Amino acid sequence: LERGVPSDVIVGRFGPVIVVADTIEAERVRPLADVANEIRFQLQRERAQRDMLDMHDRVEDERAAGSRLAEVARKLELPFVEIAAIDNLGRDPTGQIIAANIGGQEVVASLFRTGEGFDADPVQLRGQGFVWVDVLAITPTRERR
């Protein structure tokens, strides 16, 4: 297109359109040396995301086969944390905040949406991975002493 000149009718995804270019920028070619680190980082990030999703699928397959989370973690060599008790604010029975140790408040919220013995959906941690939870027992609400 030339700047300011309407195009012919273009049949687009949402119907016919006519476009006008307000600005035309000259092509910029950056040398490979200038973009090599950006490309490397992008490729590493894409690979890590694929690996993370592959591991997600492996964990889900193991869970679908009836394995408990501790078994899955051992088999797939993943970190496993067992918490004796936690309240809805992410504190243990002594009042210490432990939510950060298990993935944050999102994971705590998932625990309190899950019933005892039910498989909860994994919690995705803002692109940083997944956390699975099993609620083994629920203590009825009571006043702290």
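## Exercises on a predicted model

Leaving aside neighbours within four places in sequence, Ala 120 is in contact with Arg 63, Ser 110, Thr 114 and Val 133. The structure is a predicted model, and the exercises below start from this residue.

**Exercise 1.** Find which residues make up the largest nonpolar core, and which helix gives the most to this core.

*Solution.*
Step 1. The largest nonpolar core has eleven residues, and Ala 120 is one of them.
Step 2. The full set is Ala 99, Ile 102, Val 107, Val 108, Leu 111, Ala 120, Val 123, Leu 125, Val 131, Val 133 and Val 135.
Step 3. Helix H3, residues 105–113, gives the most to this core, with three residues.
Step 4. Another core lies apart from this one; it has seven residues, including Leu 69, Val 72, Leu 76 and Trp 132.
Step 5. As background, nonpolar side chains tend to be buried together in soluble globular proteins.

**Exercise 2.** Decide whether Ser 110 is buried or exposed, and list its contacts beyond four places in sequence.

*Solution.*
Step 1. Ser 110 is found in helix H3.
Step 2. Its relative accessibility is 4%. Buried means under 20%, so Ser 110 counts as buried.
Step 3. With neighbours within four places in sequence left aside, Ser 110 is in contact with Ala 120, Asp 121, Val 123 and Val 133.

**Exercise 3.** State how many salt bridges the structure holds, then describe the one formed by Glu 62 and the exposure of both partners.

*Solution.*
Step 1. The structure holds six salt bridges.
Step 2. Glu 62 pairs with Lys 75, and the closest N and O atoms are 2.9 Å apart.
Step 3. This pair links distant parts of the chain: Glu 62 is in helix H1 (residues 32–64) and Lys 75 is in helix H2 (residues 69–76), 13 residues apart.
Step 4. Glu 62 has 16% relative accessibility and counts as buried. Lys 75 has a relative accessible area of 56% and is exposed.

**Exercise 4.** For the salt bridges of Arg 68 and Arg 91, name the partner and give the exposure of each arginine.

*Solution.*
Step 1. Arg 68 forms a salt bridge with Asp 134, with 3.3 Å between the closest N and O atoms.
Step 2. Arg 68 sits in the loop between H1 and H2, whereas Asp 134 is in the segment after strand S4 (130–131), 66 residues apart.
Step 3. Arg 68 has a relative accessible area of 37% and is partly exposed.
Step 4. Arg 91 forms a salt bridge with Asp 87, with 2.8 Å between the closest N and O atoms.
Step 5. Arg 91 is partly exposed at 25%, whereas Asp 87 is buried at 13%.

Note on methods:
Residues are numbered from 1 along each chain as its sequence is written. This is a predicted model: local features need pLDDT of at least 70, side-chain atom pairs count only at pLDDT 80 or more; totals for chains, interfaces and linings use all residues. Side-chain values use heavy atoms; hydrogens and water are left out. A salt bridge is a side-chain nitrogen of Lys or Arg within 4 Å of a carboxyl oxygen of Asp or Glu. Helices (H or I, at least four residues) and strands (E, at least two) are DSSP runs, numbered from the N terminus. Buried means under 20% relative accessible area, exposed over 50%, partly exposed in between (1.4 Å probe, protein chains only). A nonpolar core is a set of buried Ala, Val, Leu, Ile, Met, Phe, Trp, Tyr and Cys residues joined through side-chain atoms within 4.5 Å. Contact means heavy atoms within 4.5 Å.
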